[in-house]
Amino acid sequence: MTSSSCGGADIEQCRDDSAAFVLKFVAIASILLAGMAGIAIPLIGRHRRFLRTDGSLFVAAKAFAAGVILATGFVHMLPDASEALNHPCLPEYPWSKFPFTGFFAMMAALLTLLVDFVGTQYYERKRAATRASEEQVRVGSSDPGMESGIVPVLEVKEWNGKVFGEEESGGMHIVGMHAHAAHHRHNHPHGHESCHGGVKDHSHELHVHAHSHGLGDDEDESGARHVVVSQVLELGIISHSVIIGLSLGVSLSPCTIRPLIAALSFHQFFEGFALGGCISQAQFNASSTTIMACFFALTAPAGIGIGTAIASVYNPNSPGALIVEGILDSCSAGILVYMALVDLIAADFLSKRMRCNFRLQIASYCTLFLGAGLMSSLALWA
């Protein structure tokens, strides 16, 4: 197969090794600074009033970042993966006989769902075990008070209206807590009243006590979800950053590198913002937060450096390079699309807070479409 049929002639049209080498250093600095700024804003700003993760400004900015990530997966990565896996340099069988791009993206999304589920279950059990051990220590330290005649409320067994799952000792089984919490939520009004406190009948103290436990479980589940979301999102973003870094690093064409610098800096900034927000909500310790932030910020520049080092011997049109690039792009696209739709957009837009704040709804939808539109428009140049 001739080099022209494999696109070799197109690469040589704007080739300038010295200019490309200088532009790569500009790209490393620009993308590094953009990534650091993007991920640092939510991590540092969580201690500031106007940038707190529970503030409306942060929610709207996170929606913009989610739109950027969604457009990155659909508009940039899937077409690139399809182009690589259907390249003329690859044998017609099997690459032209089956839509591998969509298949790999679908499998990556399903595996992300599996990791999301298993990871959430793991962190929920881990937090539940920690909370149970702390409760046991606390109860054990209060035993001397029982000798003085203080009887815990949980020892009262006269009330027979036990919720499903409640044990005879007065404790509440985890299934019972979730069932009771779900039943209590169904009995609450779902319209305008639910945004302003809802039902005010608190006649049964045991009912309120059990409901408070249910809320605690919801908070633990939310915390576990934030931990898993931040880790899986970083995995998808990093795998994508490696590919784009290598692609820019091996390029010897200033005509290709110049638009990539602006496009990659833009999307690294907002990917970092979305990831930083998830890390901030997960409430990692300082060392874990620093490691995750540095790992994200350095991945794309490191990919550019590696690509620059191997540019003289790397053939981007070789079958092996095309297959690896296409598969990684497809898998990264599946991960980013799943994370953007399920863990970023749906998690915020279907929340009670969004339903109860019309101005926040308008602002978030506008920023979501703006982010997706701006990132999609960059496909005209990169």
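## Exercises on a predicted helical chain

A nonpolar surface patch of about 530 Å² is formed by Phe98, Phe103, Met106, Met107, Leu110 and Leu113. The model is predicted: local features need pLDDT of at least 70, side-chain atom pairs count only at pLDDT 80 or more, and totals for chains, interfaces and linings use all residues. Residues are numbered from 1 along each chain as its sequence is written, and side-chain values use heavy atoms, with hydrogens and water left out.

**Exercise 1.** Place Leu110 and state its exposure.

*Solution.*
- Step 1. Patch members have over 30% relative accessible area and no salt bridge, and nonpolar side chains (Val, Leu, Ile, Met, Phe, Trp, Tyr) are joined within 5 Å. A salt bridge is a side-chain nitrogen of Lys or Arg within 4 Å of a carboxyl oxygen of Asp or Glu. Areas come from the Shrake-Rupley method with a 1.4 Å probe.
- Step 2. Leu110 sits in helix 5 (residues 100-141). Helices are DSSP runs (H or I, at least four residues); strands are E runs of at least two.
- Step 3. Leu110 has a relative accessible area of 47%, so Leu110 is partly exposed. Buried means under 20%, exposed over 50%, partly exposed in between.

**Exercise 2.** Describe the fold in outline.

*Solution.*
- Step 1. The chain has 13 helices and zero strands.
- Step 2. Of its 382 residues, 39% count as buried.
- Step 3. Among contacts (heavy atoms within 4.5 Å) with a separation of 6 or more, 83% join residues 24 or more positions apart.

**Exercise 3.** Which element gives the most to the largest nonpolar core?

*Solution.*
- Step 1. A nonpolar core is a set of buried Ala, Val, Leu, Ile, Met, Phe, Trp, Tyr and Cys residues joined through side-chain atoms within 4.5 Å.
- Step 2. The largest has 49 residues; Ile39, Ile69, Leu233, Leu275, Ile279, Met339 and Leu344 touch the most other members.
- Step 3. Elements giving two or more residues to this core include helix 2 (17-45), helix 3 (56-85) and helix 8 (205-250). Helix 3 gives the most, with eleven residues.
- Step 4. Beyond four places in sequence, Leu233 contacts Ile69, Ala274, Leu275, Cys278, Leu336, Met339 and Leu344.

**Exercise 4.** Compare two annotated segments with the model.

*Solution.*
- Step 1. The unreviewed UniProt entry's "transmembrane region" annotation covers residues including 57-78 and 291-314. Such annotations may be inferred rather than shown by experiment.
- Step 2. Residues 57-78 are 100% helix, with end C-alpha atoms 31 Å apart.
- Step 3. Residues 291-314 are 79% helix and 0% strand, with end C-alpha atoms 31 Å apart.

Methods:
Patch = residues over 30% accessible without salt bridge, like charges linked within 9 Å, V, L, I, M, F, W, Y side chains within 5 Å. Buried < 20%, exposed > 50% of the residue type's maximum accessible area, 1.4 Å probe, protein only.
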